[in-house]
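Q: I would like to learn how to read the features of a model such as this one. Where should we begin?

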Amino acid sequence: MSDHTDLPPAEPQRSESVRSTESIDSVSVRRAPRYYRFMAVGFAIGLLVTIVLTFAFPEREDFNRLQVFGFVGLFVVALFVAIGALVAIALDRASRKRARTVVAERVEEHDEPGPIEVAEFVQITDAPPPAAAAAPESDEAPAESPQQSNDDPKS
């Protein structure tokens with residue numbers, strides 16, 4: 001038993017705060033190569049060619065094999081990376097000839113601003129809180145009262 005029906009699938013329900021915009025455009029569809037992949041293949045092939053060239057010739061007294069590998073590798077690897085990039089460019093140009101133009105529908109959904117929320121406001125004043133008002137604010141010692149003074153000439 002199959003529950004196959006020809007009805008389109010139900011669209012998901014959208015909240016009332018979502019606004020959608022639809023437009024129809026024509027776009028070009030084609031397969032484009034990834035440049036970095038072609039350049040990476042060129043790097044790998046250049047590295048292999050450098051290894052073969054380094055060990056294909058006998059070692060000279062002037063340079064050891066590591067120095068030869070470095071010098072040859074600089075030029076050969078750079079050459080093969082450039083060849084890989086040129087192949088990618090050629091394939092990209094060829095893919096433009098086989099491009100198809102299709103009609104695409106673009107749907108953009110935007111959230112509508114919701115109702116303004118009421119926030120509680122707290123009034124901020126410059127006056128210190130009651131507990132801090134009783135304490136002195138400076139680090140100076142409190143002034144002596146006249147009753148505690150020993151400099152009084154009457155006593």
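A: Begin with a definition: a salt bridge is a side-chain nitrogen of Lys or Arg within 4 Å of a carboxyl oxygen of Asp or Glu. The model here is predicted. In it, the side chains of D92 and R96 form a salt bridge, with N and O 3.8 Å apart.

Q: Where do D92 and R96 lie relative to each other?

A: Both are in helix α2, four residues apart, which is about one turn of the helix. R96 is partly exposed, at 49% relative accessibility. Salt bridges with shared partners join R96, D92 and R30 into one network.

Q: How many salt bridges does a search of the whole structure find?

A: The search finds three. One of them pairs D92 with R30, whose closest N and O atoms are 2.6 Å apart. D92 belongs to helix α2 (residues 65-97), while R30 sits in the loop between β1 (18-29) and α1 (35-56), so this pair ties together parts that are 62 residues apart in sequence. Another joins D62 and R60, at 3.4 Å from N to O.

Q: Which of these salt-bridge residues are buried and which are exposed?

A: Apply a cut-off on relative accessible area: buried means under 20%, exposed means over 50%, and partly exposed lies in between. D92 has 8%, so D92 is buried. R30 has 33% and therefore counts as partly exposed. D62 and R60 are both exposed.

Q: How is the length of a helix checked, with α2 as the case?

A: Compare the span expected from the residue count with the distance between the end C-alpha atoms. At 1.5 Å a residue, the 33 residues of α2 should span 48 Å. The end C-alpha atoms of α2 are 47 Å apart, which agrees.

Q: Where does α2 bend?

A: The bend is at G73, and amounts to about 35°. G73 is also one of the buried residues of α2, a list that further includes V76, V77, G84, A85, A88, D92 and S95.

Q: What do the buried residues of α2 pack against?

A: They pack against α1. To see such packing residue by residue, take T50, which is in helix α1. T50 is buried, at 0% relative accessibility. Leaving aside neighbours within four places in sequence, T50 is in contact with F69, V72, G73, V76 and V77. Among these partners, G73, V76 and V77 appear in the list of buried α2 residues.

Q: Which residues does S95 touch?

A: S95 lies in helix α2 and is buried, with a relative accessible area of 7%. Not counting residues up to four places away in sequence, S95 touches R30, R31 and A32. R30 is also the salt-bridge partner of D92.

Q: How far apart are the C-alpha atoms of A82 and G42?

A: They are separated by 7.5 Å, although the two residues are 40 apart along the chain. A82 lies in helix α2. The relative accessible area of A82 is 36%, so A82 counts as partly exposed.

Q: How is a pocket found, and what volume does the largest pocket have?

A: Rolling a probe the size of a water molecule over the atoms shows where empty space is left. In this model, the largest pocket has a volume of about 150 Å³.

Q: Which residues line the largest pocket?

A: The lining consists of L53, T54, F57, P58, E59, R60, F63, N64, R65, V68 and V72. α1 and α2 each supply at least two of the lining residues. The most comes from α2, with three residues. R60, from this lining, also takes part in the salt bridge with D62.

Q: What pattern does the chain follow along the sequence?

A: The pattern is β-α-α-β-α, made of three helices and two strands.

Q: What share of the residues is buried, and what share of the contacts joins residues 24 or more positions apart?

A: Of the 155 residues in the protein chain, 8% are buried. For contacts, count those with a separation of 6 or more: residues 24 or more positions apart account for 83% of them.

Technical notes: Residues numbered from 1 in each chain as written. Predicted model: local features only at pLDDT ≥ 70, side-chain atom pairs only at ≥ 80, totals over all residues. Heavy atoms only, no water. Buried < 20%, exposed > 50% of the residue type's maximum accessible area, 1.4 Å probe, protein only. Expected span 1.5 Å × (residues − 1). Bend = angle between axes of the 7 residues up to and from the residue. Contact = heavy atoms within 4.5 Å. 1 Å grid on protein atoms, 1.4 Å probe; cavity = no way out; pocket = protein on both sides within 12 Å on 5 of 7 lines; lining within 4 Å. Points joined across faces, edges and corners; volume = space filled by probe spheres on them.
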